[in-house]
Amino acid sequence: MTLLSIVVPVRNEESRLPNTLRGLTTALTGITKSAEIVVVDNASTDGSVDIVRRFQQHRYQSGAVPIRLVHCAQLGKGAAVRAGVLESDSPYVGFCDADLATDMAALEPTLLQLGAGVNVVVGSRAHPSSIVKARHSVLRQAGAWVFRRVANGFVPGVADTQCGYKFFDRATANAVFRPLRTLGFAFDVELLARAQRIGAVIFELPVHWHDVPGSTFHPLRDGYRSFSALARMRSILAQQQETEPELDEVRPVTTPIAEVA
Ligand SMILES: Nc1nc2c(ncn2[C@@H]2O[C@H](COP(=O)(O)OP(=O)(O)OP(=O)(O)O)[C@@H](O)[C@H]2O)c(=O)[nH]1
Ligand SMILES: [Mg+2]
């Protein structure tokens with residue numbers, strides 16, 4: 001069985017994806033022989049899917065890390081990550097962004113923490129030991145500041161909820177992703193709130209993070225949606241656990257290997 005699955009949500013990432021798949025493969029090869037990359041695409045209209053297929057073919061020649069391609073009908077980063085996490089069944093699972101903004105040197109300490117019994121490892125750009133090279137606009141920084149303050153009400157003690165780097169043990173992943181309702185960029189807040197609610201041990205890991213041009217986050221459009229999502233989150237979290245979303249809404253479809261080869 002695969003030990004570790006890394007989910008990469010992808011929407012029109014043809015320019016950033018090749019470097020990311022190469023970087024992830026190199027990082028994983030150095031750590032474990034038992035890992036997979038799960039790319040979850042939301043109907044990209046560029047060459048993203050072709051790039052994944054090329055890498056898949058290359059893997060059969062080189063024996064490098066397997067890459068799975070999952071299509072997700074529901075739009076949104078949260079929906080895509082959820083689909084990939086629930087599609088995999090490895091004991092450890094996490095996600096990173098297609099820009100590889102977080103240095104994958106973080107993977108080794110992440111696995112150590114998970115192996116030692118930590119339930120959730122969260123990359124934190126707010127950690128004093130983190131090195132962050134950001135070039136976000138003033139508007140984006142202001143929005144992020146307000147977002148952090150509101151998010152802190154849902155997940156007290158977690159300084160950076162939005163870093164695109166989070167890993168889980170399987171039981172915790174299933175418990176927080178199955179009932180997930182927030183399907184856009186703000187989904188991390190709901191995940192972490194659910195993790196805290198079930199008493200998960202959350203470890204904030206220092207990271208090296210650098211901004212990569214080509215962000216898919218539009219400050220006005222996605223900022224508005226993210227704040228709207230926070231406004232809905234209290235009532236979402238107040239709902240009974242048993243009223244889980246219909247899994248069919250975001251059920252992933254894996255591309256059969258035969259179709260790819
Ligand atoms: N599948 C899927 N992936 C998405 C969607 N929206 C964003 N993503 C992915 O989510 C990841 C994070 O997006 P980024 O564009 O890096 O945005 P960000 O990290 O929030 O913001 P930056 O700090 O500007 O990089 C990338 O891998 C995107 O391709 C979506 O609707 N569907
Ligand atoms: Mg990013």
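1. In this predicted model, helix 1 has a set of buried residues: Leu17, Pro18, Thr20, Leu21, Leu24, Thr25, Ala27 and Leu28. The helix runs through residues 17-29. Its 13 residues, at 1.5 Å a residue, should span 18 Å, and the C-alpha atoms at its ends are indeed 18 Å apart, so the expected and modelled lengths agree.

2. Two of those buried residues, Thr20 and Leu24, are also in contact with Leu100. Once neighbours within four places in sequence are set aside, the contacts of Leu100 are Asn19, Thr20, Gly23, Leu24 and His210. The student may wish to locate Leu100 and Asn19 together: they are separated by 81 residues in sequence, yet their C-alpha atoms are 8.2 Å apart in space.

3. Where does Leu100 lie? Its place is the loop between strand 4 (92-96) and helix 4 (107-115). Is Leu100 buried or exposed? Its relative accessibility is 15%, and because a residue under 20% is classed as buried, Leu100 counts as buried.

4. The backbone of Leu100 also deserves attention: its phi is near 50 degrees, a positive value in a residue other than glycine. Ala43 likewise is not a glycine and has a positive phi, of about 50 degrees.

5. Ala43, too, is placed in a loop, between strand 2 (35-41) and helix 2 (48-62). Its relative accessibility is 57%, and since exposed means over 50%, Ala43 counts as exposed. Thus one of these two loop residues is buried, namely Leu100, whereas Ala43 is exposed.

6. Turning to the whole protein chain, there are nine helices and ten strands. The radius of gyration is 17 Å, close to the 18 Å given by the globule rule for 261 residues, so the chain is as compact as a globular protein of that length. Along the principal axes, its C-alpha atoms fill a box of roughly 50 × 40 × 40 Å.

7. How much of the chain is buried? Of its 261 residues, 50% count as buried. The protein chain exposes about 12200 Å², of which carbon and sulfur atoms supply 55%.

8. Contacts across the sequence are a further point. Among those joining residues at least 6 apart in sequence, 85% link residues at least 24 apart. The pair Leu100 and Asn19, which are in contact, is 81 residues apart in sequence.

9. Finally, the charges may be noted. The protein chain has 27 positive and 25 negative charges, and the mean positions of the two sets are 4 Å apart.

Technical notes:
Residues numbered from 1 in each chain as written. Chains lettered and ligands numbered in written order. Predicted model: local features only at pLDDT ≥ 70, side-chain atom pairs only at ≥ 80, totals over all residues. Heavy atoms only, no water. Helix = DSSP H or I, 4+ residues; strand = E, 2+ residues; numbered from the N terminus. Rg over C-alpha atoms; globule rule 2.2 N^0.38 Å. Buried < 20%, exposed > 50% of the residue type's maximum accessible area, 1.4 Å probe, protein only. Contact = heavy atoms within 4.5 Å. Areas by Shrake-Rupley, 256 points an atom, 1.4 Å probe, with all protein chains shown as cover. Lys, Arg positive; Asp, Glu negative; His and termini not counted. Charge placed at Lys NZ, Arg CZ, Asp CG, Glu CD. Expected span 1.5 Å × (residues − 1).
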